[in-house]
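Trainee: I would like to learn how to read a few features of a protein model. Please take them one at a time.

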Amino acid sequence: MAIVYHENSREFHLYNNEISYIFKIMDNEQLGQLYYGKHINDRESFGHLLEYGFRDMAPCVFEGNHVFSLEHVKQEYPAYGTGDMRYSAFEIEQKNGSLITDFKYKSHSIYEGKPKLAGLPATYTEAPGEAVTLEIFLEDALIQTDLILTYTIYEEMPVLTRNARYVCSSAEGITLKAAMSASIDLPDNNYEMIDLSGAWGRERSVNVHQLHYGVQGVYSMRGSSSHQFNPFLALKRPEAGEFTGEVLGFSLVYSGNFLAQVEVDTFDVTRILMGIHPNGFQWSMAKGDTFQTPEVVMVYSNEGLNKMSQTYHKLYRTRLARGKWRDLPRPILINNWEATYFNFNEEKIIGIAETAKKLGIELFVLDDGWFGKRDDANSSLGDWFPDPKKLPGGIKGIAEKVTKLGLQFGLWFEPEMVNKDSDLYRAHPEWMLAAPGRNISHGRNQYVLDFSKDEVIEYVGGLVEKVLEEAPISYVKWDMNRSMSEVFSQGQDAGCQGKVIHRCILGVYKLYERLTEKFPHILFESCASGGGRFDPGMLYYAPQGWISDDTDAVERLKIQYGTSYVYPLSSMGSHVSAVPNHQVFRNTHIDTRANVAYFGTFGYELDLNQLSPEEQQSVAQQVQFMKKYRELIQKGVFYRLSNPFEKNETAWMVVSEDRMQALVGYYRVLQPVNTGYKRLVLKGLQEDSQYTVSSRETSHYGDELMNCGLVISDRASGVSKKETELGETKQGDYYSCLFLLEAI
Ligand code: DGJ
């Protein structure tokens with residue numbers, strides 16, 4: 001791994017065994033992009049790739065240089081208004097109203113490791129030699145502003161991270177109207193774009209389309225990364241699939257408004273921009289101020305989408321998630337939300353906890369409704385005091401009772417929100433985001449607290465801390481149930497208003513940092529009406545997140561499959577819930593529900609006391625199973641085998657790092673009749689090792705399983721099986737089955 005600077009050609013080459021990223025200082029002292037892709041041999045100059053050329057009608061060329069037009073060169077971080085007519089990476093308004101800038105190369109530094117980003121989540125290194133960093137210092141002398149572009153390349157992974165930092169030294173000040181984290185120009189447009197779009201209840205659907213001229217992309221302007229889009233996109237070659245072909249992934253480590261945009265110009269150049277969404281963003285800077293953008297994580301794969309995902313999984317599981325829980329097996333939990341909603345008392349909770357303990361579950365989570373007078377979604381957010389009517393002994397009382405049973409205790413909060421019917425709102429109406437004289441929209445009867453104000457974070461943080469200090473709490477579910485609207489910070493001056501949305505996100509990070517630091521033993525799970533803020537930024541603080549409020553096993557196949565494009569299984573909160581399912585009213589077998597939920601951080605979300613003795617028996621077996629295999633599931637290498645967005649059948653598998661063990665999940669939504677014989681081609685095994693396959697009497701070499709496949713023909717293809725596979729449900733709709741493979 002290296003970052004090389006060639007003095008004569010003024011070129012930078014960042015490379016490891018898998019990737020190369022090359023750019024140069026151009027004649028105008030700005031940065032030109034030369035190559036990003038599979039690793040190539042280093043040499044003094046790749047300058048010919050800049051492709052200067054004379055175009056008769058070129059609109060804007062440099063004075064005295066007819067072949068140099070910014071519109072026609074590929075750039076690293078393009079400016080607005082200087083001859084490049086495409087979308088720029090930034091816009092700076094100056095005192096005289098000008099938006100024209102000229103950032104010229106000043107110096108650079110190359111050093112071992114990876115710096116932290118002030119106030120923001122980011123990937124990190126742990127041991128020397130894991131990564132090298134390059135910082136390029138550019139200066140616009142006229143406005144006395146520095147722009148620092150930072151690049152880090154990892155040694156063992158095809159990963160490059162980028163961010164930008166602005167430092168204002170001008171007494172006149174400047175205003176950032178847009179400040180992307182990264183921009184890159186690619187020399188052709190032969191790509192399909194993949195994004196993870198969706199809505200509440202169907203988050204992160206895989207959406208693929210051919211690039212077209214003009215702009216396309218995904219974004220959020222909701223104050224959170226959102227259910228609708230995820231801060232991720234990939235460009236893949238049309239022929240690339242799960243296991244072959246070139247794929248470029250771009251993922252933003254941020255939880256607020258974002259823009260991920262692809263622009264194809266008429267010369268077929270593809271420009272990718274990623275960063276904080278410029279809408280509603282306006283960052284005024286005085287002399288001495290610094291503005292730091294979030295980080296973009298770029299992953300390269302020439303072995304298809306699976307390899308891209310596996311790289312993100314490894315990086316995000318081991319070098320983005322932090323803390324004690326990063327590497328520990330996650331506790332199997334029971335959450336009371338779908339069991340009781342707001343309607344519970346201590347007796348009911350203890351009743352569920354007792355059964356949970358009997359069945360081997362490890363953690364009880366008390367969800368919404370334990371505080372203030374919260375019997376429905378109309379009141380009490382902000383009043384983080386236990387409701388004595390429901391919990392006479394307070395949180396301390398119930399937590400002690402639960403822990404005495406031998407379970408850990410977890411608790412729900414929604415720190416960023418307030419109801420008008422709350423003591424907090426009555427005391428501090430000015431703490432809520434609200435534009436004066438305007439209608440203020442509510443969402444679920446609640447309003448957004450102004451986390452751009454330190455005193456608000458201080459107050460809410462203090463209340464949460466008090467609860468966490470008083471009781472034996474080892475898990476927190478941090479929820480967030482609405483988008484931001486009518487954003488205005490009451491009492492703050494006009495110049496601050498364009499900072500509020502981003503500052504609110506910084507405020508969330510600040511509170512997370514404070515709580516995770518103070519309570520390192522607590523496992524945090526992020527949540528936002530399910531998967532409305534499931535992003536890399538959250539993963540830095542909370543190593544797992546609730547991926548969707550939709551707990552139906554069939555719907556979850558798609559949600560988990562789409563989520564796996566970027567996020568590791570260890571981050572995916574997935575539970576077995578009751579039937580008929582509360583979101584789609586579907587009935588599925590309890591084993592199918594578990595067979596899906598195993599591929600994540602496993603738990604239950606139902607009233608265990610309403611289950612039949614046979615179902616309780618199934619739960620006990622499932623819990624034992626998960627305890628035995630969670631290490632494999634949460635840390636293994638994940639392979640997608642059959643795509644629920646395209647087929648009736650979903651299949652995936654996870655293989656231990658030493659490839660001695662693997663677990664395959666196979667799911668069929670509707671029962672077909674009289675189909676052809678079927679085999680499932682597996683991945684990731686050792687070719688020359690023999691594997692036993694659960695419930696089968698034979699064993700098979702890895703190369704057979706990865707080439708001929710595993711025979712999965714069953715009665716749908718006229719084969720009646722005698723033995724029952726692991727976790728197999730009865731044939732019929734919503735059939736599922738697991739195969740455990742163990743090397744002999
Ligand atoms: C939305 C979450 O996604 C649910 O799991 C639950 O915690 C409710 N909020 C509680 O209000």
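Trainee: Are helix 11 and helix 12 roughly parallel or roughly antiparallel to each other?

Mentor: Bear in mind that this is a predicted model. To judge a helix pair, start with the angle between the axes; under 35 degrees counts as roughly parallel. Helix 11 (residues 590-597) and helix 12 (residues 613-635) pack at about 20 degrees, and therefore the two helices are roughly parallel to each other. Their axes are 10 Å apart, and helix 11 passes helix 12 in a right-handed crossing.

Trainee: Which residues of helix 11 and helix 12 meet?

Mentor: From helix 11 they are Ile590, Asp591 and Ala594, and from helix 12 they are Glu615, Ser618, Val619 and Gln622. Sorted by class, this contact has 3 nonpolar, 2 polar and 2 charged residues.

Trainee: Now a strand. Why is strand 10 described as largely enclosed by the rest of the structure?

Mentor: The general point about side chains comes before the case. In a regular strand they alternate between the two faces of the sheet. For burial, count the residues under 20% relative accessible area. Strand 10 spans residues 174-186, and 12 of its 13 residues are buried, so the rest of the structure largely encloses this strand.

Trainee: How many bridges join strand 10 to strand 5, to strand 17 and to strand 18?

Mentor: Read each pair by its bridge count and its direction. Strand 5 (residues 90-93) is joined to strand 10 by 4 bridges, and the two run antiparallel. In this pair, Glu91 has Ala178 of strand 10 as its bridge partner. With strand 17 (residues 270-276) there are 6 bridges, again antiparallel; here Ala182 stands opposite Met274. Strand 18 (residues 283-285) is joined to strand 10 by 3 bridges, also antiparallel, with Ile174 opposite Met285.

Trainee: Last, a loop residue. Where is Pro121 placed, and is Pro121 buried or exposed?

Mentor: Find the flanking elements, then check the accessibility. Pro121 lies in the loop between strand 6 (104-112) and strand 7 (131-140). Its relative accessibility is 0%, so Pro121 counts as buried.

Trainee: Which residues does Pro121 touch, leaving out those up to four places away in sequence?

Mentor: A contact list can include residues from elsewhere in the chain, and this one does: Pro121 touches Val253, Tyr509, Gly537, Tyr540 and Tyr541. Take Gly537 as the case to look at. Pro121 and Gly537 are 416 residues apart in sequence, yet their C-alpha atoms are 5.6 Å apart in space.

Methods: Residues are numbered from 1 along each chain as its sequence is written. This is a predicted model: local features need pLDDT of at least 70, side-chain atom pairs count only at pLDDT 80 or more; totals for chains, interfaces and linings use all residues. Side-chain values use heavy atoms; hydrogens and water are left out. Axes are lines fitted to C-alpha atoms, for helices over the stretch in contact, and angles run from 0 to 180 degrees between N-to-C directions. Angles under 35 degrees count as roughly parallel, over 145 as roughly antiparallel, 65 to 115 as roughly perpendicular and the rest as oblique. A crossing is left-handed if the near helix is turned anticlockwise from the far one by less than a right angle, and right-handed if clockwise. Contact means heavy atoms within 4.5 Å. Ala, Val, Leu, Ile, Met, Phe, Trp, Tyr, Cys and Pro count as nonpolar, Asp, Glu, Lys and Arg as charged, and the others, Gly among them, as polar. Buried means under 20% relative accessible area, exposed over 50%, partly exposed in between (1.4 Å probe, protein chains only). Two strands pair if DSSP finds at least two bridges between them.
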